[in-house]
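Trainee: Could we go through this model together? I would like to learn how each label is earned.
Mentor: Gladly; let us look at it first and then take the labels one at a time.

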Amino acid sequence: MMPGEIVQSNDACRLPWTPPPAVDVEALPAGKWWDSVRAAPLVGQRALELLGDDTGAVIQDKYGTLYWLIEVGSAGSWRLRQVRVLTELTDECTYLGVPPTSRTEGPGTHWRVPLSADHYLTDAFTLWEALTEADRAELGPVPQGRQTCYRCELPTDEPVIVDVQHGCSSAGRTIYACPRHTRTYHRDAVAEAAARRRAFERGSIR
């Protein structure tokens, strides 16, 4: 018997593929029965709340990252920060760690929204709308073009504005971060307040 072919339940029998047996997480190929959309915890959690009953089954790994299953080929052109589409590539296979259907609680990889024959794929357009709104809500406006991360000092195609430093005599400076370092930036509240006060006083004098 090949990996992924052990039948666990009537629900599993009615799916076009078979989840792994109730033992451990199994790496299954994306792009065969489904593609998967991976979203970082902050964006993924907000999108899940926005979807409500419109979500299909969702996997959550030990880091809090969420994975939706969608129809193969339905999200090839997506460009969202902290979101990746897992699918079959021309020169390589991409795999997703799939837990047994019985594993619906952590710790570790589990079904955040349980899988069943009637609760399976999420509509790709509906998911895209939720992720787009979550992106704006959690990460702010989308900057144009590549920017340099303040922490690793490398250019990123997914810049997140983490701070705008206002000066008393200039328009200020925008601070960008790559997705990895978005939450490591700490604003200097005292410096921000002083800059705003100087700008206000300068405006009053004029």
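Mentor: Let us begin with a cut-off: a salt bridge is a side-chain nitrogen of Lys or Arg within 4 Å of a carboxyl oxygen of Asp or Glu. Keep in mind that this is a predicted model.

Trainee: What makes the contact of Arg103 and Asp24 a salt bridge?
Mentor: The N to O distance between their side chains is 4.0 Å, and the limit is within 4 Å, so the pair counts as a salt bridge.

Trainee: Where do Arg103 and Asp24 lie?
Mentor: Arg103 is in the loop between strand S6 (95-98) and S7, while Asp24 is in the loop between helix H1 (10-14) and strand S1 (26-29). The pair therefore ties together parts that are 79 residues apart in sequence.

Trainee: Why is Arg103 called partly exposed?
Mentor: Buried means under 20% relative accessible area and exposed means over 50%, with partly exposed in between. Arg103 has 25%, so it counts as partly exposed. Asp24, with 47%, is partly exposed too.

Trainee: How many salt bridges does the structure hold?
Mentor: There are three. In one of them, the closest N and O atoms of Glu138 and Arg46 are 2.9 Å apart. This pair links helix H3 with helix H2, across 92 residues. Glu138 has a relative accessible area of 25% and Arg46 has 30%, so both fall in the partly exposed range.

Trainee: What makes Asp135 and Arg81 a salt bridge?
Mentor: Their closest N and O atoms are 2.6 Å apart, and the cut-off is within 4 Å. Asp135 sits in helix H3 and Arg81 in the loop between S4 and S5, 54 residues apart.

Trainee: Are Asp135 and Arg81 buried or exposed?
Mentor: Both are buried, which means that each has under 20% relative accessible area.

Trainee: Now to the sheet. What makes S5 and S7 its edge strands?
Mentor: The five strands are ordered S5-S2-S4-S3-S7 in an open sheet, with antiparallel pairing. Strand S5 (83-86) and strand S7 (110-113) each pair on one side only, and that makes them the edges. From one strand to the next, the twist averages 30 degrees.

Trainee: How do you know that S3 and S4 pair?
Mentor: Pairing needs at least two bridges, and three join strand S3 (residues 58-60) to strand S4 (residues 66-70). The two run antiparallel, and Gln60 stands opposite Leu66 in S4.

Trainee: Which helix packs on the sheet and touches S2, S3, S4, S5 and S7?
Mentor: That is helix H2 (residues 41-51), whose direction makes about 50 degrees with that of S4. Helix H3 (residues 124-139) lies across S2, S4 and S5, at about 150 degrees to S4.

Trainee: Which residues of H2 are buried?
Mentor: Val43, Gly44, Ala47, Leu48 and Leu51 are buried.

Trainee: Why do you say that the buried residues of H2 line one face?
Mentor: Down the axis of H2, they fall within an arc of 135 degrees, so they line one face of the helix. As background, an α-helix has 3.6 residues a turn, so residues three or four places apart point the same way. The cover over the buried residues of H2 includes S2, S3, S4, S5, S7 and H3.

Trainee: What follows H2?
Mentor: Gly52 does, with a positive phi near 60 degrees.

Definitions and conventions. Residues numbered from 1 in each chain as written. Predicted model: local features only at pLDDT ≥ 70, side-chain atom pairs only at ≥ 80, totals over all residues. Heavy atoms only, no water. Helix = DSSP H or I, 4+ residues; strand = E, 2+ residues; numbered from the N terminus. Axes fitted to C-alpha atoms, helices over the stretch in contact; angles between N-to-C directions. Contact = heavy atoms within 4.5 Å. Buried < 20%, exposed > 50% of the residue type's maximum accessible area, 1.4 Å probe, protein only. Arc of directions from axis to C-beta.
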